[in-house]
Amino acid sequence: MNDDKKIGDPQASKLRIKNLKEELEKFKRQAQKKADIVKDLEEQLQRKGEECEHWRCALEEYKVSMEVKLHQHAKVSMNHEEKVESLKKLAEEDRTWLEKETARRKDRSEKIKNQTQEILERRSTIDW
C-alpha cells in the first residue's frame with residue numbers, strides 16, 4: 001500500500017481494494033488448505049480409531065479363546081489325573097489279588113507236597 005497517495009484518491013482506493021481482495025483470497029486459500037488438512041487428519045484419526053477398535057476386539061476375542069483353551073486343557077488334565085488315579089487303584093487291586101492268589105497257590109502247593117510226602121511215607125511202611 002502506498003501511503004503517499006491521498007485518501008480520497010479513487011485510483012489509490014481501487015488499488016488498495018484490489019490488494020486487500022487479493023490478500024483476502026490468499027487468506028481464504030490458506031484457510032481452505034488448513035481446513036482440508038484438519039479434515040484429512042480427522043478422517044485419519046477416525047480410521048485409526050476404527051482400526052484400534054478392530055484390534056481391541058480381535059485382542060479380546062483372542063484372550064477369550066485362550067481362556068477357553070486353558071479351561072479345556074485344565075479339564076483334560078483333570079480327566080487324565082482321574083484316569084491315572086483310577087489306573088493306580090486298579091493296579092493296587094490287581095497286585096492285592098495277585099499276592100492273595102500267589103499265597104493261595106503256594107499254600108496249595110505246600111499242601112500237595114505234604115500230602116505227597118505222607119503218601120510216600122505210608123507207602124514205604126507198607127510191605128508189598
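Helices here are DSSP runs of H or I, at least four residues long, numbered from the N terminus. With that in hand, Arg95 and Glu99 both sit in helix 1, 4 residues apart, which is about one turn of the helix. The model is a predicted one, and its secondary structure is quick to list: 1 helix and 0 strands. The radius of gyration is 53 Å, well over the 14 Å that the globule rule gives for 128 residues, so the protein is more spread out than a compact globule.

**Overall shape and surface**

- Measured out along the principal axes, the box filled by the C-alpha atoms is roughly 175 × 15 × 15 Å.
- Helix 1 covers residues 10-125.
- Of the 128 residues in the protein, buried ones make up 2%.
- The accessible surface adds up to about 12,600 Å², and carbon and sulfur atoms account for 58% of that.

**Charges**

- The protein carries 31 positive and 29 negative charges.
- Take the mean position of each set, and the two points are 5 Å apart.
- Salt bridges number 8, going by a cut-off of 4 Å between a side-chain nitrogen of Lys or Arg and a carboxyl oxygen of Asp or Glu.

**The network around Arg95**

- Arg95 pairs up with Glu92 in a salt bridge, and the closest N and O atoms are 2.4 Å apart.
- Those two are 3 residues apart in helix 1, about one turn of the helix.
- Arg95 also has a salt bridge with Glu99, at 2.3 Å from N to O.
- Because they share partners, these salt bridges join Glu92, Arg95 and Glu99 into one network.
- As for exposure, Arg95 is partly exposed at 40% relative accessible area.
- Glu92 is also partly exposed, with a value of 38%.
- Glu99 comes out as partly exposed too, at 45%.

**The Glu25 and Lys28 pair**

- Another of the salt bridges links Glu25 and Lys28, with 3.8 Å between the closest N and O atoms.
- That 3.8 Å falls within the 4 Å cut-off, so the pair counts as a salt bridge.
- Glu25 and Lys28 are 3 residues apart in helix 1, so about one helical turn separates them.
- Glu25 has a relative accessible area of 39%, which makes it partly exposed.
- Lys28 is partly exposed as well, at 48% relative accessibility.

**Surface patches**

- A patch of negative charge on the surface brings together Asp36, Asp40, Glu42 and Glu43.
- Glu42, one of that group, lies in helix 1.
- Leu59, Tyr62 and Met66 make a nonpolar surface patch of about 320 Å².
- Met66 has its place in helix 1.
- Met66 is partly exposed, with 32% relative accessible area.
- Patch residues need over 30% relative accessible area, so Met66 at 32% passes that cut-off.

Technical notes: Residues are numbered from 1 along each chain as its sequence is written. This is a predicted model: local features need pLDDT of at least 70, side-chain atom pairs count only at pLDDT 80 or more; totals for chains, interfaces and linings use all residues. Side-chain values use heavy atoms; hydrogens and water are left out. Patches are made of residues with over 30% relative accessible area and no salt bridge: like charges are joined within 9 Å, nonpolar side chains (Val, Leu, Ile, Met, Phe, Trp, Tyr) within 5 Å. Accessible areas come from the Shrake-Rupley method with a 1.4 Å probe; for residues, only the protein chains shown count as cover. Lys and Arg count as positive and Asp and Glu as negative; His and the chain ends are not counted. The place of a charge is taken as NZ of Lys, CZ of Arg, CG of Asp or CD of Glu. The radius of gyration is taken over C-alpha atoms; the globule rule is 2.2 Å times the number of residues to the power 0.38. Buried means under 20% relative accessible area, exposed over 50%, partly exposed in between (1.4 Å probe, protein chains only).
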